[in-house]
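Q: Please select one part of this structure and examine it closely. I should like a connected account of how that part is placed among its neighbours and how it relates to the rest of the chain.

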Amino acid sequence: MARLPPPCLARVDVGALCARVVDLFDDPRLRLRAGGALAVQGDADQLEHVLINLLCNAVEAGGEAAVVLAWRREGAVAVVDVSDLGPGIPSSGNLFVPFFTTKPQGAGIGLALSRQIVEAQHGTLELHPRDDARGAIARMTLPVDGAE
């Protein structure tokens, strides 16, 4: 994998970022669940890349079912969730390992690169099974902007 350029940190409006990414898809399956005004210190372009990857994965996994992109604040972190109604997380601890894929046409780069991007911005990226339904949640956390 190539080395990513260091992030250019600036104030990023989480709601505006999420809305912009959903608009890129023009897909009626995508739902935006607003979590109120929230900003992080991050690289908007890199975070957009992460959200695009997570939404692509969720749409592919969920078939015709809705995919929800939501955000909220939990203490000093912003939490951004992408929830789908697909078959759930494969039983593998390798999902973030470069070049590991469960997709017939996959390259195994997306999740590994996405995690690298988020961690370079002092955040986390994890996959969890849903508690409330079938499917998965991709959860990104980032520190809230200090000016909040």
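A: Two strands are taken to pair if DSSP finds at least two bridges between them. That criterion is needed for the part chosen here, strand 7 (136–143), in what is a predicted model.

The setting comes first. The secondary structure of the chain comprises three helices and seven strands, which follow one another from the N terminus as β-α-β-β-α-β-β-α-β-β. Five of the strands form an open sheet in the order 2-4-5-7-6, and the pairing in this sheet is mixed. Strand 2 (30–33) and strand 6 (124–129) are the edge strands; each has a single partner strand, so one side of each lacks a neighbour in the sheet. From one strand to the next, the twist averages 20 degrees.

In the sheet order, strand 7 stands between strand 5 and strand 6. With strand 5 the pairing is antiparallel and is made through seven bridges. In this pair V79 faces T141, and V77 has P143 as its bridge partner. On the other side, strand 6 and strand 7 are also antiparallel, over six bridges; here L127 lies opposite A138. The hairpin of strand 6 and strand 7 has six residues between the strands, and within this hairpin G135 adopts a positive phi near 125 degrees.

Helix 3 is a further neighbour: it lies across both strand 6 and strand 7, and runs at about 130 degrees to strand 6. Strand 7 is mostly covered, with six of its eight residues buried. For the chain as a whole, 41% of the 148 residues count as buried.

Strand 7 also contributes to the largest nonpolar core, which holds 31 residues; M140 is among those with the most contacts inside it, together with L51, L55, L69, V80 and V82. At least two residues of this core come from each of helix 1 (14–25), helix 2, strand 4 (67–74), strand 5 (77–83), helix 3 (110–120) and strand 7. Helix 2 gives the most, namely seven residues.

Helix 2 therefore merits a short description, as its 19 residues (44–62) should span 27 Å at 1.5 Å a residue, and the 26 Å between its end C-alpha atoms agrees with this. Its buried residues include L47, V50, L51, L54, L55, A58 and V59. An α-helix has 3.6 residues a turn, so residues three or four places apart point the same way. Beyond its neighbours within four places in sequence, L55 is in contact with V21, V22, F25, L30, V67, L69 and V82. At the N-terminal end, D43 caps helix 2 through a side-chain oxygen 3.1 Å from the backbone nitrogen of D45. After helix 2 comes G63, with a positive phi near 60 degrees.

The contacts of the chain may be viewed in the same context. Among those with a separation of 6 or more, 69% join residues 24 or more positions apart. To return to strand 7, its partners in the sheet are strand 5, by seven bridges, and strand 6, by six.

How values were computed
Residues numbered from 1 in each chain as written. Predicted model: local features only at pLDDT ≥ 70, side-chain atom pairs only at ≥ 80, totals over all residues. Heavy atoms only, no water. Helix = DSSP H or I, 4+ residues; strand = E, 2+ residues; numbered from the N terminus. Expected span 1.5 Å × (residues − 1). Buried < 20%, exposed > 50% of the residue type's maximum accessible area, 1.4 Å probe, protein only. Polar contact = N/O pair within 3.5 Å; in protein donor to acceptor, adjacent residues only side chain to side chain. Core = buried A, V, L, I, M, F, W, Y, C linked by side-chain atoms within 4.5 Å. Contact = heavy atoms within 4.5 Å. Axes fitted to C-alpha atoms, helices over the stretch in contact; angles between N-to-C directions.
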